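Have the sequence and the model open side by side. The paragraphs below go through a pair of packed helices, a loop, the nonpolar cores and the cysteines.

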Amino acid sequence: MASSLLRNPNLLSTTPSLPTFSSKPTPFSFRVKPSRHCSISLRSQTLRLSCSISDPSPLPPHIPLRRRPEYIPNRISDPSYVRVFDTTLRDGEQSPGATLTSKEKLDIARQLAKLGVDIIEAGFPAASKDDFEAVKTIAETIGNTVDENGYVPVICGLSRCNKKDIERAWDAVKYAKRPRIHTFIATSDIHLEHKLKKTKAEVIEIARNMVRFARSLGCEDVEFSPEDAGRSEREYLYEILGEVIKAGATTLNIPDTVGITLPIEFGQLIADIKANTPGIENVIISTHCQNDLGLSTANTLSGAHAGARQVEVTINGIGERAGNASLEEVVMAIKCRGDHVLGGLFTGLDTRHIVMTSKMVEEYTGMQTQPHKAIVGANAFAHESGIHQDGMLKHKGTYEIICPEEIGLERSNDAGIVLGKLSGRHALKDRLTELGYDLDDEQLSTIFWRFKTVAEQKKRVTDADIIALVSDEVFQPEAVWKLLDIQITCGTLGLSTATVKLADADGKEHVACSMGTGPVDSAYKAVDLIVKEPATLLEYSMNAVTEGIDAIATTRVLIRGSNKYSSTNAITGEEVLRTFSGTGSEIDIVVSSVKAYVGALNKMMDFKENSSPTKIPSQKNRVPA
């Protein structure tokens with residue numbers, strides 16, 4: 001937000017000519033319009049600006065104050081630059097119920113590129129045919145889209161330390177302008193003894209050979225991770241990391257796989273690796289922190305402060321068990337405190353796309369963000385306490401350290417506009433923009449007609465209603481089946497009966513009727529008669545998005561299919577049954593429920609059509625090649 005003064009000349013009463021860059025701070029000042037105050041100093045090639053604005057206006061196009069350095073796999077020309085490695089599509093998708101379709105993965109990858117992440121870990125290509133094709137498609141499209149500043153994300157594929165995995169990863173990512181292979185093997189004593197059943201010397205030999213093999217395929221960007229580094233013996237870590245550097249690794253990722261370290265410990269681990277690993281000056285050190293003790297963000301920042309120049313994160317912090325370090329938390333902490341506390345660290349992200357990216361991941365995965373989640377939670381910029389409200393009315397800086405506009409969230413408009421049945425397309429578009437949604441014309445048209453339908457039934461359409469409609473129309477899987485009509489008969493006088501009409505992908509209509517113990521049960525059974533794809537309902541929840549009897553109901557379901565819906569777990573090598581989530585929103589609660597169920601079935605069937613699990617021996621049974 002601070003930089004908006006330079007990007008918006010309307011804020012200035014005069015525009016000064018900037019002084020020549022020099023090695024010494026060069027302060028200068030200028031007049032600003034009433035209620036805006038700022039001071040600026042220049043140092044080297046870094047523009048430092050601080051300001052407070054009591055009536056922030058929408059941000060103009062993003063112009064970063066510090067340039068993203070040219071991408072070189074094993075070094076960064078600016079020692080203060082931190083690469084952001086997003087693993088939402090790989091580690092994040094390992095969250096129970098977070099299965100994504102190929103289209104959803106591509107949409108998220110495209111949004112991550114808008115956000116400006118340096119590396120997108122697009123998946124684990126050896127897990128299934130669907131994972132392979134998704135990574136390949138992302139490499140061919142997103143990995144070849146260069147913006148006007150020359151930015152194009154690195155596309156990375158994960159592999160275990162075996163030739164088949166590595167070949168599969170390379171075959172998927174090699175189409176990108178900047179492909180990367182990320183390979184890993186465990187190094188802690190507990191993993192060596194109980195999982196791998198190998199000696200330390202054997203693991204070093206495997207790691208060395210597999211990094212060398214990855215380079216031999218033509219991949220010039222190879223990342224190596226010693227799994228469970230947080231519990232590994234230090235001297236052994238130095239040794240294995242030194243060997244993979246000699247074999248050609250360009251990035252060394254240090255994972256706290258079980259989230260056991262404290263910030264002071266993890267920072268010291270990075271510092272020790274930096275001080276004691278031979279050849280470390282020729283590679284980038286990276287962090288990957290799990291959140292089992294709620295310290296993933298703190299550990300990541302501690303690692304960056306100690307010398308790591310890549311951080312591995314996920315949108316909304318999703319991932320295995322308690323999740324990963326949250327991208328939005330890490331990036332905004334660096335943005336807010338990088339200069340003052342972290343020695344000048346900065347990233348190349350356009351943070352105005354954080355909200356939209358967060359919403360997309362939330363809706364596609366079905367994993368709801370808790371209201372008090374830092375940065376992107378519904379309450380992150382809400383003030384209910386009277387004391388806080390008083391302070392905010394006097395000066396927003398009294399209780400906010402981040403302007404919501406910085407992350408792409410604009411405050412509720414102050415123009416007194418209330419959306420209702422007489423509101424037009426332009427008013428709706430403006431409100432969607434304020435809520436952080438960047439929709440194309442086709443999506444806006446679809447939302448507009450749904451909005452008009454709801455507005456006919458409600459006197460006032462709230463932000464929560466609009467968010468629910470966007471979720472129901474935009475963030476939905478490709479339709480194998482689409483709900484057309486539903487009629488329910490229920491009550492205390494007999495079994496509930498449901499008649500459901502669905503349309504298949506070719507537009508052909510199918511009708512079925514069924515009885516059940518209630519309206520939702522009978523409707524789901526009627527859907528099953530049409531789809532003919534057995535599924536087990538694991539979770540069902542419904543929430544009213546606003547108060548009042550006319551509120552829109554949002555339903556979320558989680559289902560599991562038969563054992564043919566499985567993929568390979570990247571860590572254990574075991575085949576795991578996939579679960580699929582679906583959401584639906586409608587004023588009628590039964591229609592909302594059926595939409596959610598059909599959405600989950602669509603995800604499951606899309607996965608079936610594109611997936612054929614690749615059987616790969618687990619590391620503990622594989623003889624190193």
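Helices here are DSSP runs of H or I with at least four residues, numbered from the N terminus. The model is a predicted one. Asp 272 is found in one such run, helix H8, which covers residues 263-276.

Start with the surroundings of Asp 272. Its relative accessible area is 17%, and buried means under 20%, so Asp 272 counts as buried. Leaving aside neighbours within four places in sequence, Asp 272 is in contact with Arg 234 and Tyr 238. Both of these also appear among the residues that helix H7 contributes to its contact with H8.

Two packed helices are described by the angle between their axes and the distance between the axes. For H7 (residues 234-247) and H8, the angle is about 50 degrees and the axes are 10 Å apart. Angles under 35 degrees count as roughly parallel and those from 65 to 115 as roughly perpendicular; H7 and H8 are therefore oblique to each other. The crossing of H7 past H8 is right-handed. On the H7 side the contact is made by Arg 234, Leu 237, Tyr 238 and Leu 241, while H8 supplies Glu 265, Gln 268, Leu 269, Asp 272, Ile 273 and Asn 276.

Next, turn to a loop. Val 461 lies between helix H14 (441-457) and helix H15 (463-473). With a relative accessible area of 5%, Val 461 is buried. Not counting residues up to four places away in sequence, Val 461 touches Leu 419, Phe 451, Val 454, Ala 455 and Ile 466. Ser 423 is 38 residues from Val 461 in sequence, and the two C-alpha atoms are 10.0 Å apart in space.

Leu 419, Phe 451 and Ile 466 are also touched by Leu 428, whose contacts beyond four places in sequence further include Leu 444, Ile 447 and Phe 448. Leu 428 is one of the residues with the most contacts inside the largest nonpolar core, which has 111 residues. Others in that group are Val 117, Phe 224, Leu 252, Ile 254, Leu 327 and Leu 432. A second, separate core has 28 residues, including Leu 502, Ala 526, Val 594 and Ala 600.

Last, the cysteines. A disulfide requires a pair of cysteine sulfur atoms within 2.5 Å, and by this rule the count is 0. Cys 336 is in no disulfide, as the nearest cysteine sulfur, that of Cys 403, is 9.3 Å away. Cys 336 is partly exposed, with a relative accessible area of 25%, whereas Cys 161 is buried at 8%.

Note on methods
Residues are numbered from 1 along each chain as its sequence is written. This is a predicted model: local features need pLDDT of at least 70, side-chain atom pairs count only at pLDDT 80 or more; totals for chains, interfaces and linings use all residues. Side-chain values use heavy atoms; hydrogens and water are left out. Helices (H or I, at least four residues) and strands (E, at least two) are DSSP runs, numbered from the N terminus. Buried means under 20% relative accessible area, exposed over 50%, partly exposed in between (1.4 Å probe, protein chains only). Contact means heavy atoms within 4.5 Å. A nonpolar core is a set of buried Ala, Val, Leu, Ile, Met, Phe, Trp, Tyr and Cys residues joined through side-chain atoms within 4.5 Å. Axes are lines fitted to C-alpha atoms, for helices over the stretch in contact, and angles run from 0 to 180 degrees between N-to-C directions. Angles under 35 degrees count as roughly parallel, over 145 as roughly antiparallel, 65 to 115 as roughly perpendicular and the rest as oblique. A crossing is left-handed if the near helix is turned anticlockwise from the far one by less than a right angle, and right-handed if clockwise.
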